[in-house]
Amino acid sequence: MKKGLDSFKLKSIALLFMIVDHVYTYLNGPIHGYQIGRTWPEWIPVLTRFVSPLFLYLMIDGFYHTRSRKKFLIRLFVAAFIMLGGNVVINLLFHNVNYSTGRYSFSSIIEGHNIFLTLAVLFTFVWCLENIKQRKRLILSIFLACVSAFFCIFLEGGFFLLPITVIVWLFHEKKSLQYIGIGVWCAILLAKALISYYSGDIATSLYSDLCFDNEWAMFLVIFFILLYNGERGRNTRLTKYMFYIIYPIHLWILMIIRYILVS
């Protein structure tokens, strides 16, 4: 057994921090004028910002080791549509109308997290990049790569995860360059946050603003990648679908609790 953490252990850590992040998002402070629970420390989203890029990194690593890329992609899209369906049902059940107009809108009906869709589109993007690299189905792959990249920008975290996807794929065999690339991208995001703060008329402190505009903190994923030993770890049917089960269930529970508390 190699030293470090295997994929199962890293996913378990990411799941724990993911739940903390979502509890903070759904049950922290005022929502639509209602005070929900206690106010949590502002730095929590900074601490948990590594979660999405870590799942992305492990997904790309799985892209190269899975027995069937087609089944992997189908599984992601099926999970994405199940997640979307559950979000729609809950939003309609609790009459989640547009806050300013008092009417249903497309965004209010589909409101809710769905990282499955982002990962599915990014998996498609990586597959296309790999085909282009190997000169397979070039025209189709280039077209789908462009469509995937464009579509991803409008999905949850897609704008921030797309450059990391390119970095991890491009330097898949050169870990040190992955660290540098991710570090540079996060430095750019930090610079953007600082420029936005100092050039705007913002009433909050720099600390509060950086805790809110926190995508720069994705650099924390580097430490977890350094610990990754490349092994799959515990491999059962339960562990294989653990993320697919826990992710939607805990989010739907949090959505329902939030709606009940503000009703």
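How are H4 and H12 oriented to each other, roughly parallel or roughly perpendicular? In this predicted model, the answer follows from the angle of about 15 degrees at which the two helices pack, and because angles under 35 degrees count as roughly parallel, H4 and H12 are roughly parallel to each other.

**View A. Packing of helix H4 against helix H12.** Helix H4 spans residues 69-93 and helix H12 spans residues 237-262, and their axes lie 11 Å apart. The crossing that H4 makes with H12 is right-handed. On the H4 side, the residues that meet H12 are Phe72, Arg75, Leu76, Ala79, Ile82, Met83, Gly86, Asn87, Ile90 and Asn91, while H12 contributes Lys240, Tyr241, Tyr244, Tyr247, Pro248, Leu251, Trp252, Met255, Ile256 and Tyr259. Sorted by class, this contact of H4 with H12 comprises 15 nonpolar, 3 polar and 2 charged residues.

**View B. The ring pair of Phe63 and Tyr64.** A pair of aromatic rings is described by the distance of the centres and the angle of the planes. The count of aromatic pairs in the model comes to 23. For Phe63 and Tyr64, the ring centres are 5.1 Å apart and the planes stand at 90 degrees, so this pair is edge-to-face. Phe63 has a relative accessibility of 1% and therefore counts as buried, whereas Tyr64, with a relative accessible area of 24%, is partly exposed.

**View C. The ring pair of Phe63 and Phe123.** Here the ring centres of Phe63 and Phe123 are 5.3 Å apart with their planes at 70 degrees, so this pair, too, is edge-to-face. The two residues belong to distant parts of the chain, since Phe63 lies in helix H3 (residues 51-63) and Phe123 in helix H6 (residues 115-133), with their positions 60 residues apart in the sequence. Phe123 counts as buried, at 1% relative accessibility.

**View D. An aromatic cluster that includes residues of H12.** One aromatic cluster is formed by Phe55, Phe116, Tyr241, Phe243, Tyr244 and Tyr247. Among them, Tyr241, Tyr244 and Tyr247 also appear in the contact that H12 makes with H4.

**View E. Gly102 in the loop between H4 and H5.** Gly102 is placed in the loop that runs between H4 and helix H5 (106-110), and at 47% relative accessibility this glycine counts as partly exposed. From C-alpha to C-alpha, Gly102 and Leu56 are 37 Å apart in space, and in sequence they are 46 residues apart.

Definitions and conventions: Residues are numbered from 1 along each chain as its sequence is written. This is a predicted model: local features need pLDDT of at least 70, side-chain atom pairs count only at pLDDT 80 or more; totals for chains, interfaces and linings use all residues. Side-chain values use heavy atoms; hydrogens and water are left out. Axes are lines fitted to C-alpha atoms, for helices over the stretch in contact, and angles run from 0 to 180 degrees between N-to-C directions. Helices (H or I, at least four residues) and strands (E, at least two) are DSSP runs, numbered from the N terminus. Angles under 35 degrees count as roughly parallel, over 145 as roughly antiparallel, 65 to 115 as roughly perpendicular and the rest as oblique. A crossing is left-handed if the near helix is turned anticlockwise from the far one by less than a right angle, and right-handed if clockwise. Contact means heavy atoms within 4.5 Å. Ala, Val, Leu, Ile, Met, Phe, Trp, Tyr, Cys and Pro count as nonpolar, Asp, Glu, Lys and Arg as charged, and the others, Gly among them, as polar. Rings of Phe, Tyr and Trp (its six-membered ring) pair if their centres lie within 6.5 Å; planes under 30 degrees apart count as stacked, over 60 as edge-to-face and the rest as tilted. Buried means under 20% relative accessible area, exposed over 50%, partly exposed in between (1.4 Å probe, protein chains only).
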